[in-house]
Amino acid sequence: MTESLSTRGSWGSKVGFVLAAAGSAIGLGNIWRFPTVTGQNGGAAFVLIYLGCVLLLGVPVMIAELSIGRKTASDPVGAFKAIAPNSLWKAVGGLGVLTGFIILSFYCVVAGWTLKYVLLTVSGQFVGGNPETIQRTFTTFVADGVSVTIYHLLFMALTVWIVTGGIEKGIEKASRILMPTLLLLLALLVLRSLTLPGASQGILFYLSPDFSKVDLGVIMRALGQAFFSLSLGMGAMITYGSYLSKDDNLVSSALYVSLADTLIAFLAGFAIFPALFSVPDLSPTVGAGLIFLVLPNIFNAIPFGQLFGAAFFFLLAIAALTSTISLLEVVVAYFIDQRGWSRKRSALLVGLGAFLFGLPSAYSNGSVSFLDGFMDAVFLYFGEISLALGALLICLFTGWKWGVAAALEELHSGYSYSSRFVAPVWSFLIRYVCPIAIAIILTSIVASYLGA
Ligand code: TRP
């Protein structure tokens with residue numbers, strides 16, 4: 001056990017783990033995707049449903065993933081094999097590895113956009129611009145498949161480079177300084193956004209719920225976004241948990257990570273919506289371009305906005321990097337543990353594969369018309385539905401196959417406070433509430449597709 005831990009690498013410290021897991025969770029999902037889907041799904045009511053999903057479904061699933069990972073100290077496929085040998089459960093790990101690969105492929109495309117925006121902002125491209133020119137810059141860029149591909153490649157290469165460096169040296173160091181800085185810049189953006197003319201309309205949109213807009217689709221998007229943002233449902237937290245030591249407290253780690261993740265997403269909404277309503281002709285439903293259309297306007301309204309904006313996009317790129325690292329790490333851990341590949345070989349080949357698979361997404365925003373909407377579709381199927389399915393299976397596995405008693409035993413190591421409250425609540429959620437809620441949402445979504 002000790003030997004396998006040391007040859008696989010492990011976290012340098014407890015805080016290091018929480019920061020790295022938060023680094024995995026916090027990324028484009030919070031700052032780019034959360035405002036985008038909130039805007040497309042009616043605002044405040046979506047936000048409330050989202051919060052419910054995080055608390056009731058996300059946190060328990062994260063605790064389950066971490067305990068499976070630490071118990072088995074292996075990649076997602078190996079983890080299911082270790083607890084349930086000679087069964088089909090390993091397919092859940094397989095689905096996770098596949099999902100991670102596909103998410104990585106399109107995630108790097110958008111992460112590449114943020115790199116481009118570092119350059120655009122620092123070079124003063126937006127200075128003195130108006131909403132129209134800002135919009136034109138975005139649409140021209142994303143319609144240029146070749147340059148989108150170059151940034152996509154660059155981002156994938158960075159990810160491969162860090163994952164090749166190993167656990168502690170690469171992932172942990174980067175998360176430590178940069179995530180708190182991102183939080184600080186985001187908070188400053190929120191302050192400016194809230195004081196722009198027209199801000200109150202945005203606050204209303206964001207905070208005053210209108211449940212008449214809620215339908216099945218909205219609930220599905222909230223559920224999917226919760227799993228996506230928390231990095232759940234495909235074994236990323238199983239993999240990160242596998243590098244944890246026995247004296248870490250899994251319950252409080254899961255709570256810290258979820259809290260930090262949700263706070264950043266919530267703040268991102270506060271940065272975007274008030275500012276959005278101060279820009280004429282921009283609607284919350286614009287989709288993937290939302291933050292790239294709104295943020296440059298805020299930067300233009302602050303002193304040193306050029307530098308501030310560049311720093312913000314830079315930190316966003318780093319946040320995205322700590323997420324792509326975790327996505328690649330899951331797939332790489334699989335090839336190392338199950339196929340005996342070296343870390344270097346796995347990282348290079350998987351990175352190359354994900355780059356190639358990302359090409360249709362890179363060309364899906366105007367460069368090639370038959371690919372229009374490709375990225376949105378893959379995002380829906382793999383970034384949301386597949387994660388919800390994975391989470392459902394993980395709940396069933398933990399609650400009914402592995403069993404809550406065994407899972408609790410794993411949880412109790414490194415967890416010294418009284419378990420009188422946590423254990424029964426978590427057991428009930430993971431056995432009943434989570435699987436039933438997720439199953440109902442998933443089946444009704446599938447039924448509505450079939451009916452349509
Ligand atoms: N959670 C990250 C974000 O919000 C994306 C991500 C990283 C992810 N690893 C994951 C999503 C694993 C699902 C599963 O940007």
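**What surrounds the ligand, and one salt bridge**

The shell around the ligand in this predicted model is made up of eight nonpolar residues, eight polar ones and no charged ones.

Me: Which residues come nearest to the ligand?
Reply: There are 16 residues around the ligand, and the nearest are Ala25, Gly29, Tyr107, Phe228 and Ser231. Helix 2 (14–25), helix 3 (28–40), helix 11 (216–229) and helix 15 (305–339) each give the shell at least two residues.

Me: What makes the pair between Ser231 and the ligand a polar contact?
Reply: Check the atoms, then the distance. An N or O atom in the Ser231 side chain sits 3.0 Å from a nitrogen atom of the ligand. The cut-off is a pair of N or O atoms within 3.5 Å, so this pair counts.

Me: Which atoms of Ser326 and Leu28 pair with the ligand?
Reply: For Ser326, a polar side-chain atom lies 3.0 Å from a ligand nitrogen. For Leu28, a polar backbone atom is 3.2 Å from a ligand oxygen. As for cover, the ligand has 360 Å² of accessible area on its own, and the protein covers 100% of that.

Me: What kind of space does the ligand take?
Reply: The ligand takes the space of the largest cavity.

Me: Why is the pair of Glu384 and Arg33 called a salt bridge?
Reply: The closest N and O atoms of Glu384 and Arg33 are 3.5 Å apart. A salt bridge needs these atoms within 4 Å, so the pair passes. Glu384 belongs to helix 17 (residues 374–412) and Arg33 to helix 3, so the pair ties together parts 351 residues apart in sequence.

Me: How many salt bridges does the structure hold?
Reply: The structure holds six.

Methods
Residues numbered from 1 in each chain as written. Predicted model: local features only at pLDDT ≥ 70, side-chain atom pairs only at ≥ 80, totals over all residues. Heavy atoms only, no water. Near = heavy atom within 4 Å. Polar contact = N/O pair within 3.5 Å; in protein donor to acceptor, adjacent residues only side chain to side chain. Areas by Shrake-Rupley, 256 points an atom, 1.4 Å probe, with all protein chains shown as cover. 1 Å grid on protein atoms, 1.4 Å probe; cavity = no way out; pocket = protein on both sides within 12 Å on 5 of 7 lines; lining within 4 Å. Sits in = over half its atoms within 2 Å of the grid points. Helix = DSSP H or I, 4+ residues; strand = E, 2+ residues; numbered from the N terminus. Nonpolar A, V, L, I, M, F, W, Y, C, P; charged D, E, K, R; others polar. Salt bridge = Lys/Arg side-chain N within 4 Å of Asp/Glu carboxyl O.
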